[in-house]
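Welcome! Here are some exercises with worked solutions to help you find your way around a new structure. Have a look at it first, then work through the tasks one by one.

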Amino acid sequence: MYAWIWRKLPGPFAAKLTLAVVLALGVVALLMFIVFPWLEPRLWFNEVAVN
Amino acid sequence: MFAPVGKSGTATKETAPAPLGKGGVAIRTAGEILITLGLVVLLFMVYELYVTDLFSAGKQSEASDQLNGEWEHDRTLHPELIDGKAFARIHIPTFGVDYNFTIQEGTDEAALEVGPGHYKGTSLPGEPGNFAVAGHRVGKGAPFNDLDNLSSCDQIVIETSTDFYIYKVLPYDDEIEDWAGGKGADPKCKGVSTLRDTNSEDGGAYSETFGRKVVLPSQGTAVNAVPYKDAETLPKAQQAALLTLTTCHPQFSAQQRLIITSVLTQQVPKNQVKDYGDLLSKIGEA
């Protein structure tokens, strides 16, 4: 999978590396700002109230 | 003795690995996906423990500024309770002079992200009954992270637009028996009683009330006007003015709830003290 992505990235080594880092950061940001905030209230381990 | 190493060497003869077949590629890809998922789970832990703190800190300071602004303009006795909006502030001197969080109305996720939240329908600060507040223990600013470090008679200060209400944590389970002759005699425990009715065999209305208790999440009666008892147990005028804090227990788990209950011992109008620091020096905490 990762080898395949690496081959698909265009340009010389430096460009590939830069693109790879940008892609990785993009995935992390997507998780942190969209996926995790959406997921978290659906999990059970952060309940603090009695009801 | 030493054979040359490298491309031209004879000791290591490099042969390119045989190209993977379809099965090999599938196995490698599955492995990569599993490693990736593992990293995502780790990242989620980082998010829970640290990133939510950052998000909540921003929201908390915004709520705090807004509350200060409102209090400057308007000193009404009874705050208007709007879902998710701050109306009071909690200080716990034991956790440091700087420890303070705004208390929001409601205990839903949005309110608790800002800071501790007031259980809707429970009493307000200073009132007879039970002023009940829930707060996160892990992530989201973790306002109630250290609640298990409190001991009986530790002070909890609730600040409203007009007053400081000073509550003290009630005696713990193992201190009740010998309270009057034991820890209760300590000057810092002034105003703290066991709330037990000595005329009644089972201890009366507050027989189930302790400074610290661990209960199941389903035990909603912990925030009743008389904790763990029906509403009709005592008429409102006879109820003690309690403050109950709830959070998850043990830390990092939601199996149980930690319940800290304290009793109102003093009310200090804000016009009698300069600020919170001045209050602390008067109540012997600074």
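**Exercise 1. Describe the fold of chain A.**

Step 1: The secondary structure of chain A consists of 2 helices and 0 strands. Here helices (H or I, at least four residues) and strands (E, at least two) are DSSP runs, numbered from the N terminus.

Step 2: Before going on, a word on the source: this is a predicted model, in which local features need pLDDT of at least 70 and side-chain atom pairs count only at pLDDT 80 or more, while totals for chains, interfaces and linings use all residues. Residues are numbered from 1 along each chain as its sequence is written, and chains are lettered from A and ligands numbered from 1 in the order in which they are written.

Step 3: Chain A has a radius of gyration of 18 Å, where a compact globule of 51 residues would have one near 10 Å. This radius is taken over C-alpha atoms, and the globule rule is 2.2 Å times the number of residues to the power 0.38.

Step 4: Along the principal axes, the C-alpha atoms of chain A fill a box of roughly 60 × 20 × 10 Å.

Step 5: Of the 51 residues of chain A, 6% count as buried. A residue is buried if 20 or more other C-beta atoms lie within 10 Å of its own, exposed if 12 or fewer, and partly exposed in between, with C-beta atoms placed from the backbone.

**Exercise 2. Do the same for chain B, and check the confidence.**

Step 1: Chain B has 3 helices and 9 strands, and from the N terminus on they run α-β-β-α-β-β-β-β-β-β-β-α.

Step 2: Chain B is more spread out than a compact globule, because its radius of gyration is 27 Å, well over the 19 Å that the globule rule gives for 286 residues. The C-alpha trace of chain B spans about 95 × 50 × 40 Å along its principal axes.

Step 3: Buried residues account for 34% of the 286 residues in chain B.

Step 4: The average pLDDT (the predictor's confidence in each residue, from 0 to 100) of chain B is 89, and 93% of the residues score at least 70. For the complex, the predictor gives an ipTM of 0.90 and a pTM of 0.86.

**Exercise 3. How many residues does each chain bring to the contact?**

Step 1: Chain A supplies 15 residues and chain B supplies 28 residues. Two residues are in contact if their C-beta atoms, placed from the backbone, lie within 7 Å.

Step 2: On the side of chain A that touches chain B, helix H2 (residues 13-39) gives the most, with 4 residues.

Step 3: That side of chain A divides into 12 nonpolar, 2 polar and 1 charged residues. Ala, Val, Leu, Ile, Met, Phe, Trp, Tyr, Cys and Pro count as nonpolar, Asp, Glu, Lys and Arg as charged, and the others, Gly among them, as polar.

**Exercise 4. Follow strand E4 of chain B and its partners.**

Step 1: In E4(B), 5 of its 6 residues are buried.

Step 2: Strand E3 (residues 117-118) of chain B pairs with E4(B) in the antiparallel sense over 2 bridges; strands pair if DSSP finds at least two bridges between them. B:His118 of E3 has B:Val133 in E4(B) as its bridge partner.

Step 3: E4(B) also pairs with E8(B), in the parallel sense over 6 bridges. There, B:Gly129 stands opposite B:Ala241 in E8(B).

Step 4: B:His118 counts as buried because 23 other C-beta atoms lie within 10 Å. Leaving out residues up to four places away in sequence, B:His118 touches B:Ile103, B:Gln104, B:Glu105, B:Gly106 and B:Val133.

**Exercise 5. Which backbone angles in chain B deserve a second look?**

Step 1: The peptide bond from B:His249 to B:Pro250 is cis, with omega near -10°. B:Pro250 lies in the loop between strand E8 (241-249) and strand E9 (256-269) of chain B.

Step 2: B:Lys140 is not a glycine, yet has a positive phi of about 55°. B:Lys140 sits in the loop between strand E4 (129-134) and strand E5 (155-159) of chain B, and is buried, with 24 other C-beta atoms within 10 Å.

Step 3: B:Cys153, in the loop between E4 and E5 of chain B, has a positive phi near 75°. B:Cys153 counts as buried, with 22 C-beta neighbours inside 10 Å.
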